[in-house]
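The following paragraphs give a guided reading of a protein model, moving from its sheet to its interior and then to selected residues. Please keep the sequence and the coordinates at hand while reading.

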Amino acid sequence: VQLMESGGGLVQPGGSLRLSCAASGFPFSSTDMGWYRQALGKQREFVGRISASSWTYYDNSVKGRFTISRDNAKRMVFLQMNSLKPEDTAVYYCNKIPTGNWGQGTQVTVSS
């Protein structure tokens with residue numbers, strides 16, 4: 001399992017970012033995928049998931065602001081983040097469900 005996240009950066013509160021995750025090493029199109037995040041000094045937490053059939057579920061902390069999508073042909077999953085808040089600052093990771101090896105993640109910093 002290989003996962004490579006990208007698209008993070010510094011954004012002002014209220015701004016948007018789109019994260020991407022490229023996956024390989026497993027049957028992507030038939031695998032549920034998840035996004036997770038880990039803030040400095042805290043445990044990694046669940047953000048949301050997308051099923052193989054593109055059904056989505058989100059943690060209450062991001063519901064209505066974040067959207068997960070996938071492109072099976074490109075073996076990629078995306079996290080569109082809108083109305084970002086300082087508390088969204090974290091390293092963001094994608095993974096298959098059940099989780100396998102973790103990638104390096106991508107840093108998202110929300111600050112003015």
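The model is a predicted one. A suitable starting point is an open sheet of 6 strands, whose order is β2-β10-β9-β4-β5-β6 and whose pairing is mixed. At its edges stand β2 (9-11) and β6; each has a single partner strand, so one side of each is left without a neighbour in the sheet. From one strand to the next the twist averages 25°. At the β2 end of the order, β2 pairs with strand β10 (residues 106-110) in the parallel sense, over 3 bridges. Within this pairing, Val11 has Val110 of β10 as its bridge partner.

The edge strand β6 spans residues 56-58 and includes Thr56. Is Thr56 buried or partly exposed? Its relative accessible area is 28%, and because the partly exposed class runs from 20% to 50%, Thr56 is partly exposed. Not counting residues up to four places away in sequence, Thr56 touches Arg49, Ile50 and Ile68. Measured against the chain, Thr56 and Met4 are 52 residues apart, and their C-alpha atoms are separated by 21 Å.

Ile68, one of the residues that Thr56 touches, leads to another pair of strands. Ile68 belongs to the covered face of strand β7 (residues 66-71), together with Phe66 and Arg70; the uncovered face carries Thr67, Ser69 and Asp71. This division follows a common pattern, since in a regular strand the side chains alternate between the two faces of the sheet. Strand β7 runs antiparallel to strand β8 (residues 76-81), and 6 bridges join the two. One bridge partnership links Thr67 with Gln80 in β8. The two strands form a hairpin with 4 residues between them, and in the turn Arg75 has a positive phi of about 55°.

The interior can now be considered. The largest nonpolar core has 25 residues, and those with the most contacts inside it are Trp35, Phe66, Val77, Leu79, Met81 and Tyr92. Two or more residues each come from β3, β4 (32-38), β5 (45-50), β7, β8, β9 and β10. Of these elements, β3 gives the most, with 4 residues.

Strand β3 also contains Ser20. Ser20 has a relative accessible area of 14%; because this is under 20%, Ser20 is buried. Leaving aside neighbours within four places in sequence, the contacts of Ser20 are Met4, Glu5, Ser6, Trp35, Met76, Val77 and Phe78. Two of these residues, Trp35 and Val77, are also listed among those with the most contacts inside the core.

The remaining feature is a covalent link. How many disulfides does the model contain? The count comes to 1 disulfide, formed by Cys21 and Cys94 with their sulfur atoms 1.8 Å apart. Cys21 lies in strand β3 (residues 17-24) and Cys94 in strand β9 (residues 90-97), so the pair ties together parts that are 73 residues apart in sequence. Both Cys21 and Cys94 are buried. Why is the disulfide right-handed? The torsion about the S-S bond of Cys21 and Cys94 is about 50°, and the disulfide is therefore right-handed.

Notes
Residues are numbered from 1 along each chain as its sequence is written. This is a predicted model: local features need pLDDT of at least 70, side-chain atom pairs count only at pLDDT 80 or more; totals for chains, interfaces and linings use all residues. Side-chain values use heavy atoms; hydrogens and water are left out. Buried means under 20% relative accessible area, exposed over 50%, partly exposed in between (1.4 Å probe, protein chains only). Contact means heavy atoms within 4.5 Å. A disulfide is a pair of cysteine sulfur atoms within 2.5 Å. Two strands pair if DSSP finds at least two bridges between them. Axes are lines fitted to C-alpha atoms, for helices over the stretch in contact, and angles run from 0 to 180 degrees between N-to-C directions. A nonpolar core is a set of buried Ala, Val, Leu, Ile, Met, Phe, Trp, Tyr and Cys residues joined through side-chain atoms within 4.5 Å.
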